[in-house]
Amino acid sequence: MKYVIIGSSIAAIGCIEGIRSVDKKSEITVISKEDTFIYSRPLISYLIEEKTSLEKMRYREDDFYEKQNCKTYLGREVIKINDKNKVVILNNNEKIAYDKLMIATGSRPFIPEIKGIEKVKNKFTFMTLDDALSLKKKLTENKNVLILGAGLIGLKCAEAVMDKVKSVTVVDLAKRILPSILDEDGCKIVTKHIENKGVNLILDDSIDSIDEKNAILKSGKEIEYDIFVIAVGVRANTELAKETGLKTNRAIITDEKGKTSNKDIYAAGDCTESYDITSDDTKVLALLPNAYLKGETAGINMAGGDKTYDNAMPMNSLGLFGLHMVTAGSYEGESYIDINENETNYKRLIYKNNLLKGFIIIGDVRRCGIYTKLIREKIDLRQIDFELIKDKPQLMAFSRKYRDETLGGVK
Amino acid sequence: MKRIYVNEKWCLGCHLCEYYCAYANSNESDMVKALKNIKIRPKIKIEELNGVTSAVSCRHCNEPYCVKGCISGALSINEGVINIDKNKCIGCFTCVLSCPYGAIEPDEDGVVDKCELCMKNSFGSPQCVKGCPNNAIVYEERG
């Protein structure tokens, strides 16, 4: 059996580990545009902040490929998949045959159309290690940083550069920050917090035109800047899949085994859509745990094992300037809300038809995984002491039988 | 592999497991120095409700969501034991969000901490088990 994996990020690593849990011997070939050690992209903001280092940020050991018996083509690009002959063609025309192929091509930053943007030299995206390293070089204490996008990437970037520069301004078209993961009350808390830390937030506005020194906003406001970071979102890299005739929507469509519409081609990670069990629809879940779990599932199935990944959902855990927040699932349904007086701790649990569907917790995130479990395993809330668990996640809210089975090992 | 099992029926709720855990992971040879006037942060914790008590620590799951979702590679499985490399952890708490037992917690340094079955401290076997006066906590191979 010959396995070929396009990509070298988390879904690819999950795929390798999945394959090797079933098939220790067959050849695995990894082809990646990025020629670097194995790293996890969410760590780049921590690298700039110096909370991690190039040494520490390795997602797997340097001899990982060797130990997993993988052949690598790093710094190479696949330009075509010939699914009839089952070969991939590289940018140097080299052909590599496969029996099972994994597409883990990820996503790329979306660059919006802005008047003058093509002439801006000091502009950056914030996704890869290279992005982080080139941005880091430019950071000095007299620089003003302008970030377009108040989502996860934009705000993690703001946090990372804050102490190294003169000012940070974040502009977003949306009326509130982190619109995809927080509700309005949550936003208020986090917005207040990051503004107190010195971030200049400009919401409900966008950049109309930009030159090397100034950005003119739609509102007419003018912002002087030195470094421009574009963080408005990502687009799935689906070109190869589309040209091969694989079914795609906003990203590549797969089944619960990680298989695409072609029986020998699998896909995982940010280039794919996943079924969200909390909203009953299919969407891009560009999240690290999802990439690993789907990649691993696909790997196991590629190698002839049998694994299903059927409990994907949105999940985010992040800190911003020392304030921690965790969110999961979707927010449609009835809510239990607990907010403390100074509005630094916030909890909202969302439930519908006796199932927990989602939650937002800011501040005290301890043991919140117990809530995640309720969502993931679709546990009927009538089977547990929901009143008790609303207040604090705890196993005492479950039945004695459950604790005996899990903690006590009773079968 | 051998795991820690808690027989809730026998748990007295005495919290000794927590103290033995904290001592074992304190790097102190003297128990008094390790515990006296110190806010302990044990990796096993007693839950209590209306007189019912039980001890909760990492189950070392076969399919650990914490490891698979770890964004830094700080959590890993070594011969079944789930280890945390605190040096690599950047404190994103994705594992806290993932653990179905609430058995991984942020520590005082902003990274996470968890039970490693005392494999990495000087004792080499779970001290909560040793400290349990009623044999409610056992360390056994149960297939």
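Which residue's side chain meets that of A:Glu17 in a salt bridge, and at what N to O distance? Let's work through this and a few companions.

The model is predicted, so local features need pLDDT of at least 70 and side-chain atom pairs count only at pLDDT 80 or more, while totals for chains, interfaces and linings use all residues. Residues are numbered from 1 along each chain as its sequence is written, chains are lettered from A and ligands numbered from 1 in the order in which they are written, and side-chain values use heavy atoms, with hydrogens and water left out.

**Exercise 1. Find the partner of A:Glu17 and place the pair in the chain.**

Step 1. Recall the criterion: a salt bridge is a side-chain nitrogen of Lys or Arg within 4 Å of a carboxyl oxygen of Asp or Glu.

Step 2. The partner is A:Arg60, at 2.7 Å from N to O.

Step 3. A:Glu17 sits in helix 1 (residues 10–20) of chain A and A:Arg60 in the loop between helix 2 (44–48) and helix 3 (64–67), so the pair links distant parts of the chain, 43 residues apart. Helices (H or I, at least four residues) and strands (E, at least two) are DSSP runs, numbered from the N terminus.

Step 4. A:Arg60 has a relative accessible area of 15% and is therefore buried. Buried means under 20% relative accessible area, exposed over 50%, and partly exposed in between (1.4 Å probe, protein chains only).

**Exercise 2. Compare the settings of the salt bridges A:Asp264 to A:Lys100 and A:Glu405 to A:Lys401.**

Step 1. For A:Asp264 and A:Lys100, the closest N and O atoms are 2.8 Å apart. A:Asp264 lies in the loop between helix 7 (239–243) and strand 18 (265–267) of chain A, and A:Lys100 in strand 7 (residues 100–103), so parts 164 residues apart in sequence are tied together.

Step 2. Both A:Asp264 and A:Lys100 are buried.

Step 3. A:Glu405 and A:Lys401 meet at 3.0 Å, N to O. These two are separated by about one helical turn, because they are 4 residues apart in helix 11 (residues 400–406) of chain A.

Step 4. A:Glu405 is partly exposed at 39% relative accessibility, and A:Lys401 is exposed at 58%. Shared partners also join A:Lys86, A:Lys100, A:Lys263 and A:Asp264 into one network of salt bridges.

**Exercise 3. How many residues of helix 5 of chain A are buried?**

Step 1. Helix 5 covers residues 152–161, and 8 of its 10 residues are buried.

Step 2. Among them are A:Leu155, A:Lys156, A:Glu159 and A:Val161.

**Exercise 4. What does helix 6 of chain A span, from its first C-alpha to its last?**

Step 1. Helix 6 (residues 184–196) has 13 residues and reaches 18 Å, close to the 18 Å expected at 1.5 Å a residue. The expected span is 1.5 Å times one less than the number of residues.

Step 2. Its buried residues include A:Cys187, A:Ile189 and A:His193. Just after helix 6, A:Gly198 takes a positive phi of about 105°.

**Exercise 5. Where do A:Asp204 and A:Asp280 lie?**

Step 1. Most residues other than glycine have a negative phi.

Step 2. A:Asp204 has a positive phi near 55°; its loop runs between strand 12 (200–203) and strand 13 of chain A. A:Asp204 is partly exposed at 49%.

Step 3. A:Asp280 also has a positive phi near 55°, in the loop between strand 19 (274–276) and strand 20 (281–283) of chain A. A:Asp280 is exposed at 51%.
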